[in-house]
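Let's take a walk through this model together, starting from one residue and working outward. Keep the 3D view open as you read.

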Amino acid sequence: MKALILAGGSGTRLRPLTHTASKQLVPIANKPILFYGLEAIAECGIHEVGVVVGHTALEVQAAVGDGSAFGLQVTYLSQDAPRGLAHAVLIAREFLGDDDFVMYLGDNFLVGGIAEIVEGFATREASTAAGILLARVPDPRKFGVAEVSPDGTVLRLVEKPDIPPSDLALVGVYLFDRRIHDAVSQIAPSARGELEITDAISHLISMGYGVKSSMVDGYWKDLGDPEALLDGNRIALMAIRSSIMGEVVDSKVEGLVRIEAGARIVDSIVRGPAVIGRDVSLQSSYVGPFSAIGDRCTITSSEIVNSIILSDSQVDNVGSLEGSVIGKFAMIGHRTERPRATKLVVGDHARVELL
């Protein structure tokens with residue numbers, strides 16, 4: 001079996017973080033989202049991985065390399081524009097050959113791995129051409145939605161329906177055999193101009209092939225917006241291992257906390273779960289639960305709770321920040337000189353909430 005990981009797309013819901021960066025490389029618990037998917041693939045014993053990349057290809061390639069760090073052999077597949085999940089399968093035809101494969105969306109975060117469903121697909125009945133993973137969601141209108149029989153056989157799929165047939169959303173993990181290639185070649189672009197994987201799977205069903213579903217047992221999230229990103233960060237932080245490799249001076253470190261090498265914590269409190277990146281300077285500050293501070297950040301006289309601060313940013317004397325996502329090389333400070341007006345430089349699609 002091979003794997004196909006999708007690491008393209010424009011990440012519009014995570015702007016401005018993704019104006020110039022890959023959404024799959026935005027970190028949770030200081031590790032890029034994409035890396036969790038690569039690790040899940042490796043845990044299944046799969047070695048050959050095709051990574052579909054778009055306009056952020058160079059950034060993804062720099063981060064992932066040849067895949068050897070994950071025990072994988074990576075081949076990069078270029079997609080000129082976001083043309084749909086089925087289009088990704090189409091351009092990967094030569095790489096995939098006639099092998100079974102798992103398709104994994106690189107901005108999805110799934111706790112518990114996929115080894116069990118991959119193993120189940122390997123022992124499927126001959127008539128089964130695909131397998132999908134489902135999760136119950138409160139608002140299925142934002143997802144591909146499945147209607148299934150009591151034994152888990154998929155009866156039909158609908159992409160982002162106004163009136164959903166169920167509350168079962170498609171999770172970003174799919175399993176296919178070679179018959180999917182005929183299906184993606186037979187479908188036409190949807191109203192939004194994309195080749196939908198739901199249409200391709202529906203074509204398999206119409207041809208009489210079986211499509212089986214499995215329910216997600218653990219946590220799953222599409223980390224496509226800031227709220228979901230913070231939610232995924234909280235879950236990822238609860239799985240870290242405590243370690244203190246940096247310097248802690250006149251400070252308290254409580255709970256599940258990882259402090260990377262080169263970090264210096266002075267006159268501060270760090271309460272976990274939390275991770276402090278390499279070469280961070282934390283002075284007279286409080287980092288509270290569910291916070292991830294990226295490498296080389298400087299935080300002075302401030303409180304950070306339930307937040308993600310990406311690398312090389314500065315937070316100085318701002319009081320308390322909660323539920324915040326701060327991008328790379330950001331500077332947030334408290335204005336001391338008069339006039340005391342709030343001064344902002346805010347990019348496109350940013351969101352600012354002031355007291």
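## Starting from Ala-88

Ala-88 is buried, with a relative accessible area of 0%. This is a predicted model, and all that follows should be read in that light. Ala-88 belongs to helix H3, which covers residues 85–91. Leaving aside residues up to four places away in sequence, Ala-88 touches Leu-4, Leu-6, Val-52 and Gln-79. Take Leu-4 from that list: Ala-88 and Leu-4 are separated by 84 residues in sequence, but their C-alpha atoms are 8.6 Å apart in space.

Now look at Ala-81, in the loop between strand E5 (73–78) and H3. Is Ala-81 buried or partly exposed? Ala-81 is partly exposed, at a relative accessible area of 23%. Its C-alpha lies 28 Å from that of Ala-129, with the two positions 48 residues apart in sequence numbering.

## The chain as a whole

With those residues in mind, zoom out. The secondary structure amounts to 8 helices and 28 strands. The radius of gyration is 22 Å, close to the 20 Å given by the globule rule for 355 residues, so the chain is as compact as a globular protein of that length. Along the principal axes, the C-alpha trace spans about 70 × 40 × 40 Å.

Buried residues account for 49% of the 355 in the chain. Of the contacts between residues at least 6 apart in sequence, 50% join residues at least 24 apart. The accessible surface is about 16800 Å², and carbon and sulfur atoms contribute 49% of that surface. As for charge, there are 32 positive and 44 negative side chains, with the centres of the two sets 4 Å apart.

## Strand E6 and its partners

Strand E6, residues 101–105, is a good place to zoom back in: 5 of its 5 residues are buried. In a regular strand, side chains alternate between the two faces of the sheet. Which residues of E6 are buried on each side? Phe-101, Met-103 and Leu-105 are on one side and Val-102 and Tyr-104 on the other, so to speak two covered faces.

E6 has a parallel pairing with strand E1 (residues 2–7), over 5 bridges, and Ile-5 stands opposite Tyr-104. E6 also pairs with strand E11 (residues 168–176), here in the antiparallel sense over 4 bridges. In that pairing, Met-103 has Tyr-174 as its bridge partner.

## Two helices with buried residues

Helix H1 (residues 33–43) has 8 of its 11 residues buried, so it is largely enclosed by the rest of the structure. The buried set is Ile-33, Leu-34, Phe-35, Tyr-36, Gly-37, Leu-38, Ala-40 and Ile-41. Just after H1, Gly-45 adopts a positive phi of about 85°.

In helix H6 (residues 179–186), the buried residues include Arg-179, Ile-180, His-181, Ala-183 and Val-184. Among the elements that cover the buried residues of H6 are H3, E6 and E11, names you have already met; helix H4 (93–96), strand E8 (128–136) and helix H7 (197–206) also take part.

## A parallel sheet further along

Six strands form an open sheet with parallel pairing, in the order E14-E17-E20-E23-E25-E27. Strand E14 (243–244) and strand E27 (325–326) are the edge strands, each pairing on one side only. E14 pairs with strand E17 (residues 257–259) in the parallel sense over 2 bridges, and Ile-244 has Ile-259 as its bridge partner in E17.

## Backbone details in the loops

Most residues other than glycine have a negative phi, and most peptide bonds are trans. Two asparagines with a positive phi are set out below.

| Residue | Phi | Loop | Relative accessible area |
|---|---|---|---|
| Asn-30 | about 65° | between E2 (27–28) and E3 (31–32) | 24%, partly exposed |
| Asn-306 | about 50° | between E24 (298–305) and E25 (308–309) | 16%, buried |

Where is the cis peptide bond with omega near 10°? This bond runs from Gly-272 to Pro-273. Pro-273 is in the loop between strand E19 (269–271) and strand E20 (274–276), and E20 is one of the strands of the open sheet described above.

Methods:
Residues numbered from 1 in each chain as written. Predicted model: local features only at pLDDT ≥ 70, side-chain atom pairs only at ≥ 80, totals over all residues. Heavy atoms only, no water. Buried < 20%, exposed > 50% of the residue type's maximum accessible area, 1.4 Å probe, protein only. Pairing = 2+ DSSP bridges. Rg over C-alpha atoms; globule rule 2.2 N^0.38 Å. Contact = heavy atoms within 4.5 Å. Areas by Shrake-Rupley, 256 points an atom, 1.4 Å probe, with all protein chains shown as cover. Lys, Arg positive; Asp, Glu negative; His and termini not counted. Charge placed at Lys NZ, Arg CZ, Asp CG, Glu CD.
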